[in-house]
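Please open the structure in your viewer and keep the selection panel at hand, because each stop on this tour begins with something to select.

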Amino acid sequence: MMKPKTADRIATIVFWLLGGITVGVLLFIILQIFGRGLLTALNPKFLLGKPEAMKEGGGIFPMIISSLYLTGLTLLIALPVSLGAAIYLAEYSREGRVTGAIRFCVDSLAGLPSIVFGIFGMTLFVIYFGWGYSLIAGAFTCAILNLPTLMRSSEESIRSVPGTYREASFSLGATRWTTVRQVVLPSATPGILAGTMLTIGRILGESAAIVYTAGLFVRKAPTSPMDTAAPLASYIWYAQTEALIPDFRRVVDGGAAFLLLLVLLMNFLARRLARYYQRKKLAGGADG
Amino acid sequence: MVDETPIDDTKTRISEYSRRCADSFTRETRMEEPTKESEPRITTDSLSMSYGEFKALEDITVQVPRRSITAIIGPSGCGKSSLLRCFNRMNDLVEGCRVTGEVKLDGEDIYAPGYDVIQLRRTVGMVFQRPNPFPKTVYDNVAYGPRLSGVKDKERLNRVVEESLKKAALWEEVKGKLKGSAMNLSGGQQQRLCIARVLAVEPEVILLDEPCSALDPVATQRVEDLLAELKERYTMVIVTHNMQQAARVSDFTAFVMIENQGEPGKVVEFGDTNHMFTNPVDERTERYITGRFG
């Protein structure tokens with residue numbers, strides 16, 4: 001038998017090492033990508049320039065706009081639906097067959113690989129609805145893809161609002177809807193925002209669901225939701241595998257570095273927002 | 001106020017005390033109709049309550065007189081909180097909860113079909129075991145109820161907030177931090193804030209579910225003092241597991257207990273607090289208040 005103290009020390013070291021590996025891998029990836037592409041990614045000529053199909057020196061401006069446009073549209077579709085479903089599941093439904101069925105569907109949806117959503121989106125939105133490769137087709141596909149996680153994280157945030165807040169609200173003569181609006185949602189906001197920020201990161205990085213729905217190369221930034229677009233992630237994939245760009249390495253590395261910057265910024269913002277709410281103590285989590 | 005003549009029948013005693021308490025109220029200046037004043041505020045008749053298969057309360061018949069404090073005491077798990085929550089129908093929120101029998105507020109059955117529960121909860125306010133302010137500002141906590149009933153006027157809200165906080169003896173401590181989070185107040189202050197939040201709705205009855213159980217002795221003292229003041233204007237029902245507290249603050253006491261494990265809680269004795277604590281009719285009451293069980 002090992003002495004408990006020794007065992008504890010070994011456990012501490014093992015867990016410290018495992019934690020260290022996670023951080024190490026992340027740092028390695030970040031350093032790799034930034035090392036190759038950060039200089040390009042911070043070059044205004046690259047960021048604001050038009051892409052070239054056959055020549056050197058192309059930029060990624062339409063792709064950045066496509067990515068942001070797609071993210072906005074996707075959230076516009078996915079947020080109301082997932083929030084509504086989360087409110088229903090957490091506040092209105094009584095546990096039973098209906099909620100069980102909803103949960104099963106959502107979990108199954110969450111388990112599907114994103115290329116399946118891509119093919120589905122292409123079949124339904126691009127071909128059947130006749131929308132063609134467009135932002136709107138990409139946004140709907142991406143929305144369906146992200147619905148489960150967004151809904152689950154919202155539901156968790158709503159459930160973690162202490163029941164005592166609801167009791168207090170009801171006892172003051174509030175209806176369920178007023179309670180949800182005035183007490184539950186404000187308290188759940190930090191969690192919902194954090195989930196949304198992570199989803200934004202996922203949308204920015206999504207390519208498989210996008211290449212066959214929104215498009216992968218454009219020369220001009222899209223303006224209408226019906227326009228074909230080329231979000232960064234799908235353009236990176238295109239540039240790396242199919243395009244005939246002579247300096248594709250530079251484009252791919254620069255694009256990847258810029259994408260990583262965007263995602264890191266989103267995660268950073270998510271944490272700042274959560275901390276802001278916590279410090280103000282104007283929205284409670286479980287610790288009130 | 002202790003009655004010297006021994007009356008054995010509990011029911012006669014209840015009506016006797018209701019009458020006496022009515023007498024004292026006819027001297028009140030801000031009374032409404034004299035006949036209404038003499039009626040008890042809340043009455044229950046053979047009230048039973050169950051959670052699914054489990055019967056929590058059976059055959060509860062009590063009367064809560066106006067402008068007084070009625071305490072509900074009893075050992076843990078006897079159903080005293082459940083009984084309290086029948087008075088503002090907070091039990092409705094519990095899945096599988098069923099209430100039979102009658103609960104009347106000013107003579108009107110609050111479990112009648114179509115009864116306005118929202119209005120009921122505005123008339124019958126509630127303070128909970130643990131202070132549960134919203135994670136909002138002190139001001140928004142107190143203004144919550146009035147805003148629900150549609151008050152938007154800033155001036156009027158300011159007035160209601162100030163008055164309610166003054167009534168709850170909290171104004172002096174928080175007037176400088178109305179815009180700060182209620183979560184930054186101490187436990188005792190939070191509980192008085194919750195009382196202020198209830199007062200802002202202008203209720204007639206206030207239910208208190210062990211309001212001091214999470215507070216230290218000093219904060220408890222302040223809340224008890226506050227209850228004594230509020231008694232002038234409101235009918236209050238307080239659930240407490242602390243018999244000293246019941247003896248200190250209440251005018252009437254209902255003793256609830258469970259005979260055997262798994263059986264529903266019943267009211268063993270109900271009457272004037274002084275009388276019950278000095279001269280209990282039921283032997284079980286005597287054993288409980290002298291600390292021999294529970």
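How many residues of chain A are in contact with chain B, and how many residues of chain B do they meet? Keep in mind that what you are looking at is a predicted model, and then select the place where the two chains meet: 20 residues of chain A are in contact there with 23 residues of chain B. On the side of chain A that touches chain B, select α7 (163–171) and α8 (176–205), each of which supplies at least two residues. Of the elements of chain A, α7(A) gives the most to this side, with 6 residues. If you colour the side of chain A that touches chain B by residue type, you should find 8 nonpolar, 8 polar and 4 charged residues.

Next, colour chain A by pLDDT, which averages 91 over the chain, with 97% of the residues scoring at least 70. Among the elements of chain A, select helix α5 (residues 114–128), which has the highest mean pLDDT, 96, and then helix α10 (residues 248–280), which has the lowest, 88.

Now move to chain B and select helix α8 (residues 187–199), whose end C-alpha atoms are 18 Å apart; this agrees with expectation, because 13 residues at 1.5 Å a residue should span 18 Å. Is α8(B) mostly covered or mostly uncovered? It is mostly covered, since 12 of its 13 residues are buried, among them Gly188(B), Arg192(B), Leu193(B) and Val198(B). To see what surrounds them, show β7 (124–127), α5 (138–148), α6 (154–167), α7 (171–174), β8 (205–209) and α9 (217–230) of chain B, against which the buried residues of α8(B) pack.

Technical notes
Residues are numbered from 1 along each chain as its sequence is written. Chains are lettered from A and ligands numbered from 1 in the order in which they are written. This is a predicted model: local features need pLDDT of at least 70, side-chain atom pairs count only at pLDDT 80 or more; totals for chains, interfaces and linings use all residues. pLDDT is the predictor's confidence in each residue, from 0 to 100. Helices (H or I, at least four residues) and strands (E, at least two) are DSSP runs, numbered from the N terminus. Two residues are in contact if their C-beta atoms, placed from the backbone, lie within 7 Å. Ala, Val, Leu, Ile, Met, Phe, Trp, Tyr, Cys and Pro count as nonpolar, Asp, Glu, Lys and Arg as charged, and the others, Gly among them, as polar. The expected span of a helix is 1.5 Å times one less than its number of residues. A residue is buried if 20 or more other C-beta atoms lie within 10 Å of its own, exposed if 12 or fewer, and partly exposed in between; C-beta atoms are placed from the backbone.
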